[in-house]
Each structure stands twice: as C-alpha cells, then as structure tokens.
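User: Could you take a close look at one part of this structure for me, the nonpolar core, and then show me what sits around the rest of the model?

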Amino acid sequence: VRGKRFRTGMLDISGELLKEKSALMKLVRLKKDEWFSTGALRGSIDAIGRIYKDEGYAYVNITPNTRIDDKSRTVDVNFNIQKGNKVRIGRIEVIGNERTRDKVIRREVRLYEGEYYSTTALERSKRLITRLGYFEPGSVRLQTRRGSTPDTMDITIEVKEKPTGSFQIGAGFSTVENFVAQAQISQNNLFGRGQTLSFQGNFSSIRSIANIRFFEPYFLDTRLNFGLNLYRFENVYSDF
C-alpha cells in the first residue's frame, strides 16, 4: 500500500547558526509546495552540515523536526542545528604502504595535525592521494575516529599499493634500416619516493635514439617541480 502523498509545507532553520538564516536556507533542497522527498531531506542535512564541518564542527548535529498535517497533506520541516565543539586534527596515521614512503602520501594531505577539521579538505586529500596512481583503484580510504580528547579527531589513511613500473621491448625488420630494436623502461614511484624515471631507446643500422627522463614533483620537499631530460640522437647517412 503506497499511502497518501504529501507536499512540503513550511521550512525553517533554528538553533546555533554560523551564517545568516537566508544563506543556510539556500542549501535546503526541499521546496515548498513540491512533493516531499526523504532524499532531498538528507541532501539538505548534508549540505548544511558541510558548512559547519568545514569550520571545524566535525560533530555537528542537525535534527529535522517534522510536523505532518493530514488534512492539508503537508509536512513542515524545521532543521534544528546544534554545532557542538570545534574539533582539531590529532594524529594522522598511514597504513598499507609497504614501498611508498610516508611523506609521499602525507604531502598530498590537505589537513594537518593541530588544525581544525574540514570535510572538504578531507575529501580533497583523498582525491590527491588517489591521483598519484601508486595504489589500487578504490583502495584509498581516509577513516576518522575520535582522538585522545573530545575535541580532537584522528585520521587513518589506508592504501593498497600496485605495480608502478613498466617494461616494453620490441624488434622488427625494415628494408631501409634492416634490423630495428625498441625498448622502454619506466618507474613512476622510484624507490618509493614519488619520483619518475624512464628510459626509451630505438636502434637500427642507421639510426639510434636514446632518451632518459627524470621528474621530481616536490623538489627538496617544496612545491617546486624539477625535471631533467637527457637525449642522444644519431643518424648515419650513406649519401645525399
């Protein structure tokens, strides 16, 4: 039995407000006189909660108090907000990295021990760590838990490494160059330092090409990039 359909009635926000009520009301996905939706209700709570969590209120509590009118078939909703205490980041732990050094992962984290918690920074950290390409798809997880004190939160970064090197070799025959050989070797996480080193070579009776490339994304542990490219190109001409 489906039961009766209800529309959204009056909408309001009360409690401890960080911003003007009008600004928070814009985050409410329920619309007056439209069909009531629990999905939109949850989305509203998440959107409002993000504002608070990005300001350090990691344990904000948003209670949707509803009042159902069977006669008019409407549901009034009041979002009551209790922000709680601000929470700082306690300990950040990295597990699962057998080869990759801790600092390679930690430097992608946009939260730091001692600063206030932020949901947006936590999500961005996960995206940046995943983007490194050193870990299995979907294996990067950032888990939070209460710290040693009520106003702290610890973070555990869990990863599962995958192979980051590649090796290719090939050979062929050409009427112009006779025997042709190709080789390519690359390592995208050299010695677990997050550096890239690659070698590419093409060789034949009249031509030889060698190219070595090195890239350091955090030169001397700063935000500066460093790249080095060495190459050798040689052709043998029998006549012109």
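Analyst:
**A close look at the core**

Let's start with one residue. Leaving out residues up to four places away in sequence, Ile157 touches Ile92, Glu93, Val94, Ile95, Ile105, Val109, Ile129, Arg141 and Leu142. Keep in mind that this is a predicted model.

Ile157 also belongs to a bigger group: the largest nonpolar core has 21 residues, and Ile157 is one of those that touch the most other members, along with Ile105, Leu111, Ile129, Phe135, Ile155 and Val159. As for where this core comes from, at least two residues each are supplied by β4 (88-95), α3 (102-106), α4 (119-131) and β6 (152-158). There's another core apart from this one, with 17 residues, including Phe6, Leu30, Ile48 and Ile81. As background, nonpolar side chains in soluble globular proteins tend to be buried together.

Ile81 takes us on to a strand pair, since Ile62 stands opposite Ile81 in β3. Here β2 (residues 61-69) and β3 (residues 74-82) run antiparallel, joined by nine bridges. The two strands make a hairpin with four residues between them, and Arg73 in the turn has a positive phi of about 55°.

Two other residues have a backbone worth checking. Most residues other than glycine have a negative phi. Asp33 isn't a glycine, yet its phi is positive, at about 75°. You'll find Asp33 in the loop between α1 (21-25) and α2 (38-53), and it counts as partly exposed because its relative accessible area is 48%. Leu220 isn't a glycine either, and it has a positive phi of about 55°. Leu220 lies in the loop between β10 (207-216) and β11; with a relative accessible area of 67%, over the 50% cut-off, it is exposed.

Strand β11 (residues 226-235) holds Leu230, which is partly exposed because its relative accessibility is 48%. Setting aside neighbours within four places in sequence, Leu230 is in contact with Ala210, Asn211 and Ile212. From Leu230 to Glu123 it's 38 Å, C-alpha to C-alpha, with their positions 107 residues apart in sequence.

Last stop, the largest pocket, with a volume of about 210 Å³. It has 13 lining residues, and Glu108, Arg131, Leu132, Pro217 and Tyr218 lie nearest its centre. By type, the lining splits into six nonpolar, three polar and four charged residues.

Conventions. Residues are numbered from 1 along each chain as its sequence is written. This is a predicted model: local features need pLDDT of at least 70, side-chain atom pairs count only at pLDDT 80 or more; totals for chains, interfaces and linings use all residues. Side-chain values use heavy atoms; hydrogens and water are left out. On a 1 Å grid over the protein atoms alone, a cavity is a set of points where a 1.4 Å probe fits but cannot get out, and a pocket is an open set with protein on both sides within 12 Å along at least five of seven lines; lining residues have an atom within 4 Å of a point. Grid points are joined across faces, edges and corners, and a volume is the space filled by probe spheres set on the points. Ala, Val, Leu, Ile, Met, Phe, Trp, Tyr, Cys and Pro count as nonpolar, Asp, Glu, Lys and Arg as charged, and the others, Gly among them, as polar. A nonpolar core is a set of buried Ala, Val, Leu, Ile, Met, Phe, Trp, Tyr and Cys residues joined through side-chain atoms within 4.5 Å. Buried means under 20% relative accessible area, exposed over 50%, partly exposed in between (1.4 Å probe, protein chains only). Contact means heavy atoms within 4.5 Å. Two strands pair if DSSP finds at least two bridges between them.
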